[in-house]
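Biologist: Could you put the model up and take me through it? I'd like to hear the terms as we go.

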Amino acid sequence: MNTIRKVSSTPHVRGKVTTNHLMLAVVTALLPACGYGIYNFGNRALWIILITVASAVLTELFYELLCKRPVTIGDFSAVVTGLLLALNLPVSVPWWICVVGGIFAILVVKMLFGGLGQNFMNPAFGARCFLLISFTSLMTNFECDAYTGPTPLALLKSGETANVYDMILGRCNGTIGETSMIAIILGACFLLLLGVIDLRVPGSYIVSFVILLGMFGPAGFDFNYIVAHLAGGGMMLGAFFMATDYVTRPVTVNGQYVYGMILGLLTFFFRIYGSSAEGVSYAIIIGNLLVPLIEKITRPRAFGIRRKM
Amino acid sequence: MTRSTFVGGIHPYEGKELSKDKPIQDILPKNDLVYPLSQHIGAPAVPLVKPGDKVLVGQKIAEAGGFVSACICSAVSGTVKAIEQRRVVTGDMVSSIVIENDHQYEEKEIEKPRPLEDLSREEIITYIKEAGIVGMGGAGFPTHVKLSVKEPEKIEYVIVNCAECEPYLTSDYRRMVEEPDKIIQGLQVVLSLFPNAKGILAIEDNKQDCIELFKEKTVDEPRILVKKLKTKYPQGAERSLIYAVTKRKLDSTRLPADVGCVVNNADTIVAVCQAVIHGRPLMERIVTITGDAIKEPGNFRVKIGTNYSELIEAAGGFKSEPEKIISGGPMMGFGIFETDLPTTKTASALVCLTRDEVSLLEPTACINCGRCLEVCPARLMPNKLSDFSAKHKEEEFLNYYGMECVECGCCSYVCPAKRYLAQNIKSMRKLMLGKKKK
């Protein structure tokens, strides 16, 4: 009669949300940006997205098979990395850039450091910066069928003005996923509503960037100039999808505000004083490196602990 | 009325609808009753009887084994069969008094206490002590010790914990619906110990009917207030509750009395009323038998010492084979591997589930999402603490306030990677507490 039943330590119930759900939510939230990218740049963009995602996922699979580790591609984290990398590539890159980027992101930035949750740098941006440095001309070649001119940020940098309306909609040149502010915000709202991300990092990032740009930028608080800077380049994609990456942002609440402000500061410096027009990727990977320090400084005080006199 | 609450916490599936509307049923034990000598925090009780002795209902069978300890009274009449090692819900073997029930329920002569107004502070506390009352919410801290604060005039709030924030549990709810006067009387007894205190009935807003009921009943009681709490787990945890009611913060090194509070569970308050007004010791409690594996979930008034198998029988037995049985609520209760266990003073429920959610999913890598930090009522970093525990880094564990953990389990509940956060932290805390004692 007395069958032995399962016992375990408390708690005996679990929430419904799993890592897979979170990753799938991010994939879903990126679909508008992907869709617009394909619409904007043509079918070639679709191929770049597919090749990058496939190479990221396959790298993880082969690495795990080779090392006889449990296969974790089912958690969709490699898909997210591949998607984010693809959205940060110009549409004109040759196919092998996608493959090299996907492999670098997963193998070097993620798996070699211990896989999911262990990487100190956002894999997609790590790979993007690697590609930018190694294949600068290919990665900054924005010539394509749809557009021939420079990116709006490059225009701004050279002192010209950009059409803000087009930039918000996304009718401009740039990497596949970064052009449409509306598509990115749409995806970000989906994540915000689901509670997958919050506004702490993106909010403090954007606000501090705008304040710095207004106070010390070449155009002051010029509405068109500031909106062009927000809509242009990887700002939106970076703030809502890359800077909010769980693994590489501080886990403490105060740390997230500090991190956002550091990103704002770095982006401002890179964009205004740097040699290239774009600065979000570098700002975020440098911010990533500061995360352990930020977490240490902003360790929360436990409930009821009194400040030492 | 505004809803008070604390920062953090979770809102798990409540499951209370299974047994919420089932009136309390009395059940009498069929077989032997078992009284573990250690069913409270503190020193084990010392037996006053030996095998072969005849005992009566309400007779004290074990004496408190120290200041922080509680006595035990028999709930039936019969013969002491043995004093032997018996298994309890934690899985430990504990020395226990086994009483053979003669089904006569011969009562010990009960001396009715004098009216409350005539009793001195010491007399009231003695009644509570002699009744063997302990915190019946789960912790089992002897109530007479809790009420013996050094400076009683400094206590400003006597909080009755009617939150019942654990999923599935409805025993306190039924108490409130069916015997509200006993709770109010019990609170009056406790208030008589603290001249400057206000009595607060803290109730979660998923029990709106109780809030209304108590407001109506306490209209003419200037010293008793009803406080509406947000429905959230662990609203009933002592420190979270004190914060919700008074906005005073407390860490693990201080006691509620340090911020002018005394907190007692609703069921404990009823036991106090029984002891001081009616002179009856703690002999029974209300247990919720519920879960999707139980045929007729309900609330039962159970003689302490009754075997769990009898309780399950009383609730119609199993509808389907349970995969997991929990003594207590699913957040903080004990998983039990057999049902041949005695009901103790702190047993609030038996939750029988057909599916064990814990073994369903394997833990995966931490993705640093920060959900555990958000829900932690102690505002800790469970991800880091769990890591320190696994690596046995004592210094870091203490630096990150590991000892402030209240073991509520919110972090494990919410973790998307299903990591054993609370479990790791709990083991480490046990180790560190053990070290401190040496």
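Modeller: Two strands pair if DSSP finds at least two bridges between them, and the elements I name are DSSP runs numbered from the N terminus, helices being H or I over at least four residues and strands E over at least two. This is a predicted model, in which local features need pLDDT of at least 70 and side-chain atom pairs count only at pLDDT 80 or more, while totals for chains, interfaces and linings use all residues. Residues are numbered from 1 along each chain as its sequence is written, with chains lettered from A and ligands numbered from 1 in the order in which they are written.

Biologist: OK, so what stands opposite V55(B) in β7(B)?

Modeller: That is G78(B), and strand β4 (residues 54–55) pairs with strand β7 (residues 78–87) of chain B in the antiparallel sense over two bridges.

Biologist: And how many bridges join β7(B) and β8(B)?

Modeller: There are nine, again antiparallel, with β8 spanning residues 93–101 of chain B; I83(B) has I97(B) as its bridge partner in β8(B). The hairpin of β7(B) and β8(B) has five residues between the strands, and G91(B) there takes a positive phi near 95°.

Biologist: Switching to the open sheet, what is the strand order?

Modeller: Its four strands run β11-β10-β9-β12 in chain B, with parallel pairing, and the edge strands, pairing on one side only, are β11 (224–229) and β12 (261–265) of chain B. On average, neighbouring strands are turned by 25° against each other, direction ignored, where axes are lines fitted to C-alpha atoms, for helices over the stretch in contact, and angles run from 0 to 180 degrees between N-to-C directions.

Biologist: Which helix packs on the sheet and touches β9, β10, β11 and β12 of chain B?

Modeller: Helix α4 (residues 180–191) of chain B does, and its direction makes about 150° with that of β9(B); contact here means that C-beta atoms, placed from the backbone, lie within 7 Å. Helix α7 (residues 266–278) of chain B lies across β9 and β12 of chain B, at about 90° to β12(B).

Biologist: Which residues have the most contacts inside the largest nonpolar core?

Modeller: I159(B) and A202(B) do, in a core of 201 residues. By core I mean a set of buried Ala, Val, Leu, Ile, Met, Phe, Trp, Tyr and Cys residues joined through C-beta atoms within 7 Å. Its largest share, ten residues, comes from helix α1 (residues 19–41) of chain A. Beyond its neighbours within four places in sequence, A202(B) has contacts that include I159(B), L229(B) and V245(B).

Biologist: Then on to chain A: is V13(A) buried or exposed?

Modeller: V13(A) counts as buried because it has 24 C-beta neighbours inside 10 Å; the cut-offs are 20 or more other C-beta atoms within 10 Å for buried, 12 or fewer for exposed, and partly exposed in between, with C-beta atoms placed from the backbone. V13(A) lies in the segment before α1 of chain A and, leaving out residues up to four places away in sequence, touches P12(B), P167(B), P330(B), M331(B), E357(B) and Y413(B).

Biologist: How many residues does each chain give to the contact?

Modeller: Chain B gives 52 residues and chain A gives 32 residues. Elements giving two or more residues on the chain B side include β15 (324–327) and α14 (421–437) of chain B.

Terms used: Contact = placed C-beta atoms within 7 Å.
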